[in-house]
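This report introduces the fold of one protein chain to a reader who is new to structural description. Please keep the sequence and the structure in view while reading.

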Amino acid sequence: MPIHRDLPGVSARRRRERAEKKAQSAAEPVRENSSVKDQVPAQQAPATYLGELGAMDEAYEQRALGGKNEPGHLLQVSRGRPGAGSRISVHGIRGNPGDVDPLTKLGLEDGARTSSFAYDDQHRRLDDVSDDLVAALRAEMKANPKGPLTLDAHSMGTRVVLDAVRKLSEGGELGNRPVNLNLVAPLLAGITGGGAELGTNLSRLAIPGMGALIPGLQPGKDMGTGSSFQDRLEGMELPKNVHTRLFTGTEDSLVDPAHPTWQAMAERLNAEQITLPGADHDGSVDAAARHMRKHD
């Protein structure tokens, strides 16, 4: 499979078309009795994942994407039961699908058509990543039109999910289908506090082209409290068929639920807030999964 790179002059429409094509490929049914080796020929990005959870690590994700700043797509884990809906996990920055295994397993236990979203969290702008997720969700909803759509996301992935659902909602594509957003350690206000907040806001002034050299710079531009991405999130409205839950750990040093912007976002989303005692930023993934397994 050839690797397409975004060079100067390549139109946004062409990038969207590539994302749509990859999403449609990922949404196709998995062949029966096929192995991981069958699904992942050498030098080819996989459309599906059939191995054990935990193996979708950073190396696997990079191979799946096929290069830096390539469109994200779904890695299907389970076909699910008819009518059980779709459930998709989304990891955060400096992460990979394996990091959100506890959330992915919830879909397997529910009998849902289960996938995890692979994307370049180091070199791709979040607006582009959310476009990729929109394309993936559009294809997924077409392939599995019945049952709820559930998105379980962690950290920066929660921002991607919110923006993607915002775009689908504004395009009238959600219809009346039940949509559940389980946002774990959600960075609703962006990166707040001290040098980290200053750094993300100043990252927008970086010289063009530096994003290919400095991991985290490109998505960091959309994590700032003064970013246009943050402005769009703060102005978003979601329909009543979208149910949002916010899971925050009491030992999370990166998420401050008491921050005025965070609280304003939670209220705007009409979100249910759930506290995870003793959980830090990364530990919130497992703690949230245990909570949902016990109470849902």
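The following paragraphs treat the sheet, a helix that packs on it, an aromatic pair and two loop residues.

**The sheet**

The model is predicted. Its seven strands form an open sheet in the order S1-S3-S2-S4-S5-S6-S7, and the pairing is mixed. Strand S1 (73–78) and strand S7 (272–276) stand at the edges with a single partner strand each, so one side of each has no neighbour in the sheet. On average, neighbouring strands of this sheet are turned by 20° against each other, with direction ignored.

Three pairings can be followed strand by strand. The table gives, for each of them, the number of bridges, the sense and one pair of residues that stand opposite each other.

| Strands | Bridges | Sense | Opposite residues |
|---|---|---|---|
| S2 (86–90) and S3 (113–118) | five | parallel | Val-90 and Phe-117 |
| S2 and S4 | five | parallel | Ile-88 and Leu-151 |
| S4 and S5 | six | parallel | Leu-149 and Val-179 |

How many residues of S4 are buried? Six of its six residues are buried, and the strand is therefore described as mostly covered. Leu-149, Leu-151 and Ala-153 point one way from S4, whereas Thr-150, Asp-152 and His-154 point the other way. The residues of both groups are all buried.

**A helix on the sheet**

Helix H4 packs on the sheet and touches S1, S2, S3, strand S4 (149–154) and strand S5 (179–184). The direction of H4 makes about 170° with that of S2.

H4 also has a helical partner. Two packed helices are described by the angle between their axes and the distance between the axes. For helix H4 (residues 101–110) and helix H11 (residues 284–295), the angle is about 25° and the axes are 8 Å apart. Why is H4 called roughly parallel to H11? The reason is the angle of about 25°, because angles under 35 degrees count as roughly parallel.

On the side of H4, the contact is made by Pro-102, Leu-103, Lys-105, Leu-106 and Glu-109. These residues meet Val-285, Asp-286, Ala-289, Met-292 and Arg-293 in H11. By character, the residues of this contact divide into six nonpolar, no polar and four charged.

**The aromatic pair**

The structure holds one aromatic pair. The rings of Phe-117 and Tyr-119 have their centres 5.5 Å apart and their planes at 20°, so the pair is stacked. Are these two residues buried or exposed? Phe-117 has a relative accessible area of 0% and is buried. Tyr-119, at 1% relative accessibility, also counts as buried. Phe-117 has already appeared in the table, as the residue of S3 that stands opposite Val-90.

**Two loop residues with positive phi**

Two loops that involve S4 and S5 each contain a residue to note. Ser-155 is placed in the loop between S4 and helix H6 (156–170). The phi of Ser-155 is near 55°, a positive value in a residue other than glycine. With a relative accessible area of 5%, Ser-155 is buried.

Ala-185 lies in the loop between S5 and helix H7 (194–202). Although Ala-185 is not a glycine, its phi is positive, at about 50°. Ala-185 is buried, with a relative accessible area of 0%.

Technical notes:
Residues numbered from 1 in each chain as written. Predicted model: local features only at pLDDT ≥ 70, side-chain atom pairs only at ≥ 80, totals over all residues. Heavy atoms only, no water. Axes fitted to C-alpha atoms, helices over the stretch in contact; angles between N-to-C directions. Helix = DSSP H or I, 4+ residues; strand = E, 2+ residues; numbered from the N terminus. Contact = heavy atoms within 4.5 Å. Nonpolar A, V, L, I, M, F, W, Y, C, P; charged D, E, K, R; others polar. Pairing = 2+ DSSP bridges. Phe/Tyr/Trp six-rings, centres within 6.5 Å; stacked < 30°, edge-to-face > 60°. Buried < 20%, exposed > 50% of the residue type's maximum accessible area, 1.4 Å probe, protein only.
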